[in-house]
Amino acid sequence: MGKRRDDDYSDDDFDDEYFSQTYRPLSNLPTPPPSSRDSTAAQSPRSLLEDGGLLDSELLGPAVHLINLVPPAASLTTPSVPLVHQMLVRADLPFDTLALAVCILDSLSSRFSLSWRLLCPPAPLWPSLIASTDSAKRHTISGGPRVLGAGVGAGGGSCSQLLHIDCVNPEVIVLAALMIAVKFLDDHQERTRFYRTAWGDDMWTCEQINVTERCIMENLGYRLLPLWDPGLIADAIHDMGKAGRQFLLPPPTHPGSAAAVAAAAAHTRSISTGGKAFSGRGMLLTPVETPISETAPTTTYGP
């Protein structure tokens, strides 16, 4: 069988829709989406934060730190800093309560991710991922379950949608941690519907929030009092501020970028001494004559 020629294919033959439906990540860790041809720096998450004015908010550090503590194996969907920031703005909680939520997320073990993925009610699958659900049958419910308002279409076919756990926004884990912290510190507790609407902006169902809250409590062994320690709370507040400051730092320079090349050129010196060329730290470039030991025998050529 002959090999296919590479010149038979071009960029115009690349099907973005087919790729998005059949692409599989190599691990269970969050994988960044493929960059589009017309992507620009203005579409980066940092630019979105600048446009929304989040960089000047005192809740940026807590939002970033809470996002960093969401277990990466819980979902393939990357948590959103602006979404958690909006949640914190609506909740309007004191920093001690936020610090307790940080301690709660930081204390979760590796078993939480699997437990949450198996127990949390899934969400309707995105159309671009429907074709890729065969590889995720363990966490996919097809056929019987229907979403709200599902029925029989005009053509007689079922209008039910597939459900998948990765379509549940992982920020619900942060919401559940905040709810647990508030319930632990305040005797006056609201119903789940209140937190869903007032804090979560109706992004999740009450069942999803309750299951997430129960998974966190079971993973912690229902022990919250050891986390309410003045030293731990002070460290959590310090870490939230540190996360905000690190987020505001300029992104690191990649080794192959133009800025890195210019910086390397600025630190390179070329000097010439005694007819011998040196570069950088004085490494010799021009070969010199091999030294001859005085005790070595001398070989004479010619008559």
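This passage walks through the salt bridges, surface patches, cysteines and backbone angles of a predicted model.

The salt bridges make a good starting point. As a general matter, side chains of opposite charge can pair when their charged atoms come close. The structure holds four salt bridges, and three of them are described here, beginning with R117 and D166. The side chains of R117 and D166 meet with an N to O distance of 2.8 Å. R117 belongs to helix α6, whereas D166 sits in the loop between β3 (163-164) and α7 (171-185), so this salt bridge ties together parts that are 49 residues apart in sequence. Both partners, R117 and D166, are buried.

A second salt bridge joins E213 and K183, with 3.0 Å from N to O. Here, too, distant parts of the chain are linked, as E213 lies in helix α9 and K183 in helix α7, 30 residues apart. The two partners fall into separate accessibility classes: the cut-off for a buried residue is under 20% relative accessible area, so E213 counts as buried at 12%, while K183, at 21%, counts as partly exposed.

The third pair to be described is R196 with D202, whose side chains form a salt bridge at 3.5 Å, N to O. R196 is partly exposed, with a relative accessible area of 23%, and D202 is partly exposed as well, at 43%.

Attention now turns to the surface. A negative patch is formed there by D106, D229, D235 and D239. One of its members, D239, is found in helix α10, which covers residues 230-248. With a relative accessibility of 33%, D239 counts as partly exposed. Helix α10 also holds K242, a residue that is partly exposed at 38% relative accessible area. The C-alpha atom of K242 is separated by 8.7 Å from that of H65, although the two residues are 177 residues apart along the chain.

The surface also carries a nonpolar patch, made up of L114, L118 and L119. Together these three leucines have about 270 Å² of accessible area. L119 lies in helix α6, which spans residues 111-119; this is also the helix that contains R117 of the salt bridge with D166. In terms of accessibility, L119 is partly exposed, with a relative accessible area of 45%, whereas R117 is buried.

For readers thinking about cysteine chemistry, a disulfide is a covalent bond between the sulfur atoms of two cysteines. A search of the whole structure finds zero disulfides. Among the cysteines, C103 is buried, with a relative accessible area of 8%. C167 likewise counts as buried, at a relative accessibility of 8%.

Finally, the backbone deserves a look. Most residues other than glycine have a negative phi. D92, however, has a positive phi, near 55°. This aspartate is located in the loop between α4 (81-91) and α5 (95-106), where D92 is exposed, with 65% relative accessible area. Y222 also has a positive phi near 55°. The loop that holds Y222 runs between α9 (206-219) and α10, and Y222 is exposed at 53% relative accessible area. Both D92 and Y222 are therefore loop residues that pass the cut-off of over 50% for an exposed residue.

Note on methods: Residues numbered from 1 in each chain as written. Predicted model: local features only at pLDDT ≥ 70, side-chain atom pairs only at ≥ 80, totals over all residues. Heavy atoms only, no water. Patch = residues over 30% accessible without salt bridge, like charges linked within 9 Å, V, L, I, M, F, W, Y side chains within 5 Å. Areas by Shrake-Rupley, 256 points an atom, 1.4 Å probe, with all protein chains shown as cover. Lys, Arg positive; Asp, Glu negative; His and termini not counted. Charge placed at Lys NZ, Arg CZ, Asp CG, Glu CD. Helix = DSSP H or I, 4+ residues; strand = E, 2+ residues; numbered from the N terminus. Buried < 20%, exposed > 50% of the residue type's maximum accessible area, 1.4 Å probe, protein only. Disulfide = S-S within 2.5 Å.
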